[in-house]
Amino acid sequence: MKRLFGKKKPLFKNIINPPFWVIVIVLLGMISFSGCLQDDLVLDHVEIREYQGERLSSINDFRENSIKGPQYVDKENYTLKITGLIENPKNFSYNEIINNFPIYTKVVTLYCVEGWSTKILWEGFLLSDILEETNPLSEGNVIIFHAYDGYTTSLPLEYVKNKNIIIAYKMNNVTLPPERGFPFQLVAESKWGYKWIKWITEIELSDNTNYKGFWESRGYSNKGDLNESYFE
Ligand SMILES: Nc1nc2c(c(=O)[nH]1)N[C@H]1C(S)=C(S)[C@@H](COP(=O)(O)O)O[C@H]1N2
Ligand SMILES: [Mo]
């Protein structure tokens, strides 16, 4: 009959063997270090390129042609101001917005007047949700958006409400990169790209239906509807 354990070293001898402990300590070290690395990397994911069977564009398919080039907004010092015809003007930090408002997602295509387009999964908050926090006055019927680079544009309040317009902080599952408008870009669906203001700093409720933003005051249609010409 064979002896099952006959030739094996006793377990306790393995345990006091120095190389054994060196290996255990090195392994534990590696595991906890990789944990730290992961904590730093939870910041972001890899962008998705397909959503519910639909092929998406890449966040790298945009042409960067902003009036003053990419803007680098510091998340810690950033505030989004809500101003104008409202009872309670309010400022929000980046985290207050990300953490407090219900999340909405939409696949929407941006069409630039230059002739290119990008289909993206946008994720953000409802513009009406943030306006509601400030008790809008009934005279307000236009929203004027201001941005970090001095760019402005405007849209009717009716359109914003009826179309459930969102302001995005993620595209294709990743946080907006600086060139794409971090922290926030307006998803102005069914409107030309120049209505999709990036790096939003202020949302102003107004009754000035004749207000003209950066490109609108240079001859582009103030309505900005995709199914119409972009020349006024
Ligand atoms: N703040 C700001 N937002 C902006 C612009 C800009 O110059 N500044 N350009 C607009 C235009 S013309 C387009 S087509 C879209 C997308 O432009 P992008 O490819 O440069 O992101 O952003 C819009 N939002
Ligand atoms: Mo554009």
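**Figure 1. Arg218 in the segment after β12.** Arg218 of this predicted model belongs to the segment that follows β12. Its relative accessible area is 49%. Arg218 therefore counts as partly exposed, since exposed would need over 50%. The side chain of Arg218 forms a polar contact with the side chain of Ser217, at 3.4 Å. Phe231 lies 13 residues from Arg218 in sequence. In space, the C-alpha atoms of Arg218 and Phe231 are 9.7 Å apart.

**Figure 2. Ligand 1 in its pocket.** Ligand 1 occupies the largest pocket. Around ligand 1 there are 20 residues. Arg63, Ile67, Asp149, Arg180 and Lys198 come nearest. By class, the shell holds eleven nonpolar residues, four polar ones and five charged ones.

**Figure 3. Polar atoms facing ligand 1.** Asp149, Trp196 and Lys198 are shown here in turn. An N or O atom in the Asp149 side chain lies 2.8 Å from a nitrogen atom of ligand 1. Trp196 takes part through its backbone: one of its polar backbone atoms is 2.9 Å from a nitrogen atom of the ligand. The Lys198 side chain places an N or O atom 2.5 Å from an oxygen atom of ligand 1. On its own, ligand 1 has 530 Å² of accessible area, and the protein covers 98% of that.

**Figure 4. Gln185 and the backbone of Trp196.** Gln185 is part of strand β11. With a relative accessible area of 3%, Gln185 is buried, because that value is under 20%. What does the side chain of Gln185 reach? It reaches the backbone oxygen of Trp196, at 2.9 Å. Trp196 also appears in the ligand view, where a polar backbone atom of Trp196 is 2.9 Å from a nitrogen atom of ligand 1.

**Figure 5. The loop between β10 and β11.** Strand β10 covers residues 174-175, and β11 covers 185-187. Gly181 lies in the loop between these two strands. Is Gly181 buried or exposed? Its relative accessibility is 0%, so Gly181 counts as buried. Gly181 and Tyr72 are 109 residues apart in sequence. Their C-alpha atoms are 8.7 Å apart in space. Pro183 is found in this loop too. The peptide bond leading from Phe182 to Pro183 is cis, with omega near 5°. Most peptide bonds are trans.

**Figure 6. Ser190 in the loop between β11 and β12.** Ser190 sits between β11 (185-187) and β12 (200-206), in the loop that joins them. Ser190 has 28% relative accessibility and so counts as partly exposed. Asp225 is 35 residues away from Ser190 along the chain. The C-alpha atoms of Ser190 and Asp225 are nevertheless separated by 6.1 Å.

**Figure 7. Asn135, a positive phi in a loop.** Asn135 is not a glycine, yet it has a positive phi of about 50°. Most residues other than glycine have a negative phi. Where is Asn135 found? It is in the loop that runs between α4 (127-132) and β7 (142-147). Its relative accessibility is 34%, which means that Asn135 counts as partly exposed.

**Figure 8. Asn164, a positive phi between α5 and β9.** Asn164 also has a positive phi of about 50° without being a glycine. The loop that holds Asn164 lies between α5 (157-162) and β9 (166-171). The relative accessible area of Asn164 is 42%, so this residue is partly exposed.

How values were computed: Residues numbered from 1 in each chain as written. Chains lettered and ligands numbered in written order. Predicted model: local features only at pLDDT ≥ 70, side-chain atom pairs only at ≥ 80, totals over all residues. Heavy atoms only, no water. Near = heavy atom within 4 Å. Polar contact = N/O pair within 3.5 Å; in protein donor to acceptor, adjacent residues only side chain to side chain. Areas by Shrake-Rupley, 256 points an atom, 1.4 Å probe, with all protein chains shown as cover. 1 Å grid on protein atoms, 1.4 Å probe; cavity = no way out; pocket = protein on both sides within 12 Å on 5 of 7 lines; lining within 4 Å. Sits in = over half its atoms within 2 Å of the grid points. Nonpolar A, V, L, I, M, F, W, Y, C, P; charged D, E, K, R; others polar. Helix = DSSP H or I, 4+ residues; strand = E, 2+ residues; numbered from the N terminus. Buried < 20%, exposed > 50% of the residue type's maximum accessible area, 1.4 Å probe, protein only.
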